Amino acid sequence: MIAATYTQGQKLEITDVPVPSLRAGDALLKVEATSICGTDTKIARAGHRKLKPGQRIILGHEFVGTIVEGALKGQRVGVAPNWGCGACDACVRGMANMCAEYSAFGIDSDGSHTQYVRIPAIAIVQGNVTPLPNSVPAEEAA
């Protein structure tokens, strides 16, 4: 599948990557629409502190699509980009948004500037997936 990838310390490329593999509890989302925001452009220009030298990531963290495999199969959803580690004090108290070791699509987990995105089980459990009716246009939802 085609993806917009950034390699830490190197460059932005349009390249062919494999469809993501799923782990227990994950979901595979077929992207309908994705946005480009300031964070994407900053990463493409200067990288991100969470990426290791030479690490390649698919950019994009504002997106909508349909779950085609795994948990919530068949559901059209919008996805919140950040999730917590699940183990720190903030996460245990239900405040994953305050997690110092957060993960995020397009930052340290492959994002939505591609055709399919793996939604990790922890992101589903933490409430990052929101059902969307078909009446909401994909471009507006993203």
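Modeller: Ground rule before you start: two strands pair if DSSP finds at least two bridges between them, and a strand is a DSSP run of E with at least two residues (a helix is a run of H or I with at least four), numbered from the N terminus. Keep in mind that this is a predicted model, where local features need pLDDT of at least 70, side-chain atom pairs count only at pLDDT 80 or more, and totals for chains, interfaces and linings use all residues. Residue numbers start from 1 along each chain as its sequence is written, and side-chain values use heavy atoms, with hydrogens and water left out.

Colleague: OK, what makes β3 and β9 a pair?

Modeller: Strand β3 (residues 27-34) shares 4 bridges with β9, in the antiparallel sense. The rule asks for at least two bridges, so with 4 of them the strands pair. If you want a spot to click on, Leu-29 stands opposite Val-117 in β9.

Colleague: And what sheet has β9 and β3 in its strand order?

Modeller: An open one with 5 strands, in the order β9-β3-β5-β6-β10 and with antiparallel pairing. The edges are β9 and β10 (129-131): each has a single partner strand, so one side of each has no neighbour in the sheet. Neighbouring strands there are turned by 45 degrees against each other on average, direction ignored. Those angles come from lines fitted to C-alpha atoms (for helices, over the stretch in contact) and run from 0 to 180 degrees between N-to-C directions.

Colleague: Is Gly-65 in β5 buried or exposed, and how do you know?

Modeller: Gly-65 lies in strand β5 (residues 63-70). Buried means under 20% relative accessible area, exposed means over 50%, and partly exposed is in between (1.4 Å probe, protein chains only). Gly-65 comes out at 0%, so it is buried. Gly-65 also sits 9.7 Å from Leu-28, C-alpha to C-alpha, with their positions 37 residues apart in sequence.

Colleague: What about Leu-72: what is special about its phi, and how accessible is it?

Modeller: Its phi is near 65 degrees, a positive value in a residue other than glycine. Leu-72 is in the loop between β5 and β6 (76-79). At 42% relative accessibility, Leu-72 falls between the two cut-offs and therefore counts as partly exposed.

Colleague: Which strands make up the sheet of 3?

Modeller: It is an open sheet in the order β2-β1-β4, paired antiparallel. Here β2 (12-16) and β4 are the edges, each with a single partner strand, so one side of each lacks a neighbour in the sheet. Neighbouring strands in it are turned by 40 degrees on average, direction ignored.

Colleague: How do you know that β1 pairs with β2 and with β4?

Modeller: Strand β1 (residues 2-7) has 5 bridges to β2 and 3 bridges to β4, against a requirement of at least two. Among the bridge partners, Thr-5 goes with Glu-13 in β2, Ala-3 with Thr-15 in β2, and Thr-7 with Arg-56 in β4. The β1-β2 hairpin has 4 residues between its strands, and Gly-9 takes a positive phi near 80 degrees in it.

Colleague: Why is β1 called largely enclosed?

Modeller: Because 5 of its 6 residues are buried.

Colleague: Why does Cys-88 have no disulfide?

Modeller: A disulfide is a pair of cysteine sulfur atoms within 2.5 Å. The closest cysteine sulfur to that of Cys-88 belongs to Cys-91 and is 3.7 Å away, so it is too far for a bond. Cys-99 is in no disulfide either, with the nearest cysteine sulfur, in Cys-85, at 3.7 Å. The count by this rule is 0. As for accessibility, Cys-88 is partly exposed at 24%, while Cys-99 is buried at 5%.

Colleague: Last one: what makes the largest pocket a pocket, and what is its volume?

Modeller: On a 1 Å grid over the protein atoms alone, a pocket is an open set of points with protein on both sides within 12 Å along at least five of seven lines, whereas in a cavity a 1.4 Å probe fits but cannot get out. This pocket holds about 260 Å³, volume being the space filled by probe spheres set on grid points joined across faces, edges and corners. There are 15 lining residues, and the closest to the centre are Met-1, Pro-18, Pro-20, Ile-58 and Asp-110; lining means having an atom within 4 Å of a point. The largest share, 3 residues, comes from β4.
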